[in-house]
Amino acid sequence: MDWRRNVPILLGVAIPISTAQTVGQNRGPAVISIAIIEDNRLVREGIAALLSQLPDLKVVAGGHSDDTVLLKGVNPHVILLDLGLQNGDSLRVAQQVKADYPASKIIVMDLLPVHEDIMEFVNAGVAGFIMKDATLEDLVNTIRSVSEGAHILPPQMTGSLFSQIAKDAMAKGRPEVLDSVRMTPREREVINLIAEGLGNKEIATRINVATHTVKSHVRNIMEKLTLHTRLQIAAYANQRETA
Amino acid sequence: MSNIKDTPPPKTIWAYAYQILPPQGAKRLHAIKTLLDQAHTEAQGGARKWTGRLVVEEQITHILIVSDSPEQNHEVNRRLEAKLQELNAGFSITVPVAVVDEGVVPQPS
């Protein structure tokens, strides 16, 4: 699984990217067929009109949430699913669509799902999320990336996902999660002194090193925390794939 | 017996970080700094550990949180996240890491 942001802002810190597969290595179809499940007809037809202007995208079906039968015989590569469907049960629709059309990639469209929603949709097999205030470019990039096998999470949701995973980890008390990072004795000492409220200079004095050395320890601690999170999400993604 | 009495079990503390993009200037972070200082003082008053430290780098700004609890949904977390949203700063949060001495198995509280 490959979670990545759908915006170019990326410093390689918070977003785990699987090395097993990249977009460039796994080209999607030459023309991506798309179905749109959206109760609002104007929105549905508007999205279809915008996407149909692009030569590599073709909207092959569109309808409201009670019309998922419209996908029969179409087997779209990508299904755009409105999270705020009028019947309020878009998770059930996502699960049903994924069960009926396992080869199709589902992209959920919404403003900002809450933590639990994100995880439920991820568990239902949703491949990507796009915010309703995203640009057309964001939407097109998400469709193309998802059709190539990537999984897309908007930056606004990454914090939520991290929090949810952390919460799950705490609830389950998985020891492999808690043991998977190693701080050096000095780094642990620095963290302990930070916990006491000491500043860099005070810590430097206490452990008899230069202030810039303390700063270096803090930077290393940050890197390890980030690495820990990356590994955890990679492990989580791996569990999902092998489940 | 006396050893058990004399050696209190080491207290696990937890570290995690907010990662803020794009990096924020010192002026914009003044309100955050104030909030972190207040939260630290409040925690001390309640005999708890909760410290937040700004770490400003060229390409990213971090807030390192060290706490005696792995929970990330404290009132102070919500206040902090609200402040970051006020700044229109995108952020993510890392999972909490137990910081213990070697050989001690951390237990979630």
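Which strand is joined to β5(A) by 4 bridges, and do the two run parallel or antiparallel? The partner is strand β6 (residues 128-131) of chain A, and the two strands run parallel. Helices and strands here are DSSP runs numbered from the N terminus (H or I over at least four residues for helices, E over at least two for strands), and two strands pair if DSSP finds at least two bridges between them.

The structure is a predicted model, in which local features need pLDDT of at least 70 and side-chain atom pairs count only at pLDDT 80 or more, while totals for chains, interfaces and linings use all residues. Residues are numbered from 1 along each chain as its sequence is written, with chains lettered from A and ligands numbered from 1 in the order in which they are written.

To return to the opening strand, β5 of chain A covers residues 105-110. Besides β6(A), β5(A) pairs with strand β4 (residues 78-82) of chain A, in the parallel sense and over 5 bridges. On the β4(A) side, Leu80(A) stands opposite Ile107(A) of β5(A); on the β6(A) side, Val108(A) stands opposite Phe129(A). As a reminder for reading such pairs, side chains in a regular strand alternate between the two faces of the sheet. Because 5 of its 6 residues are buried, β5(A) is largely enclosed by the rest of the structure. A residue counts as buried if 20 or more other C-beta atoms lie within 10 Å of its own, as exposed if 12 or fewer do, and as partly exposed in between, with C-beta atoms placed from the backbone.

Chain A as a whole has 9 helices and 7 strands, and 37% of its 243 residues count as buried. Buried residues are also found in helix α7 (residues 185-195) of chain A, namely Val190(A), Ile191(A), Leu193(A), Ile194(A) and Ala195(A). After α7(A) comes Gly197(A), with a positive phi near 95 degrees. Contacts, meaning residue pairs whose C-beta atoms, placed from the backbone, lie within 7 Å, often span long stretches of the sequence: of those in chain A between residues at least 6 apart, 66% join residues at least 24 apart.

How confident is the predictor in chain A, judged by its mean pLDDT? The mean is 72, and 63% of the residues reach 70 or more, on a scale that expresses confidence in each residue from 0 to 100. Among the elements of this chain, strand β1 (residues 3-4) of chain A has the lowest mean pLDDT, 37, and helix α8 (residues 200-207) of chain A the highest, 93. Residues 1-26 of chain A stay under 50, and the model has 59 contacts for them beyond four places in sequence. Residues 173-180 of chain A are also below 50, with 9 contacts in the model beyond near neighbours in sequence.

Chain B comes to 3 helices and 5 strands, which run α-β-α-β-β-α-β-β from the N terminus on. Of its 109 residues, 35% count as buried, and 73% of its contacts between residues at least 6 apart in sequence join residues at least 24 apart. Two of its helices, α2 (residues 30-45) and α3 (residues 75-86), have axes that come within 10 Å and cross at roughly 175 degrees. The two are therefore roughly antiparallel to each other. The residues in contact are Ala31(B), Ile32(B), Leu35(B) and Ala39(B) of α2(B) together with Val76(B), Arg79(B), Leu80(B) and Lys83(B) of α3(B).

Strands β2 (residues 50-56) and β3 (residues 61-67) of chain B run antiparallel and are joined by 7 bridges. A hairpin connects β2(B) to β3(B) through 4 residues, and Thr51(B) stands opposite Val66(B) in β3(B). Further along, Thr94(B) lies in the loop between β4 (90-93) and β5 (97-99) of chain B. Thr94(B) is buried, with 29 other C-beta atoms within 10 Å. The C-alpha atoms of Thr94(B) and Ala17(B) are separated by 5.5 Å, although the two residues are 77 residues apart along the chain.

The mean pLDDT of chain B is 79, and 83% of its residues reach 70 or more. Confidence is lowest in helix α1 (residues 2-6) of chain B, at a mean of 50, and highest in α2(B), at 91. The model scores ipTM 0.79 and pTM 0.50.

Technical notes. Axes are lines fitted to C-alpha atoms, for helices over the stretch in contact, and angles run from 0 to 180 degrees between N-to-C directions. Angles under 35 degrees count as roughly parallel, over 145 as roughly antiparallel, 65 to 115 as roughly perpendicular and the rest as oblique. Two residues are in contact if their C-beta atoms, placed from the backbone, lie within 7 Å.
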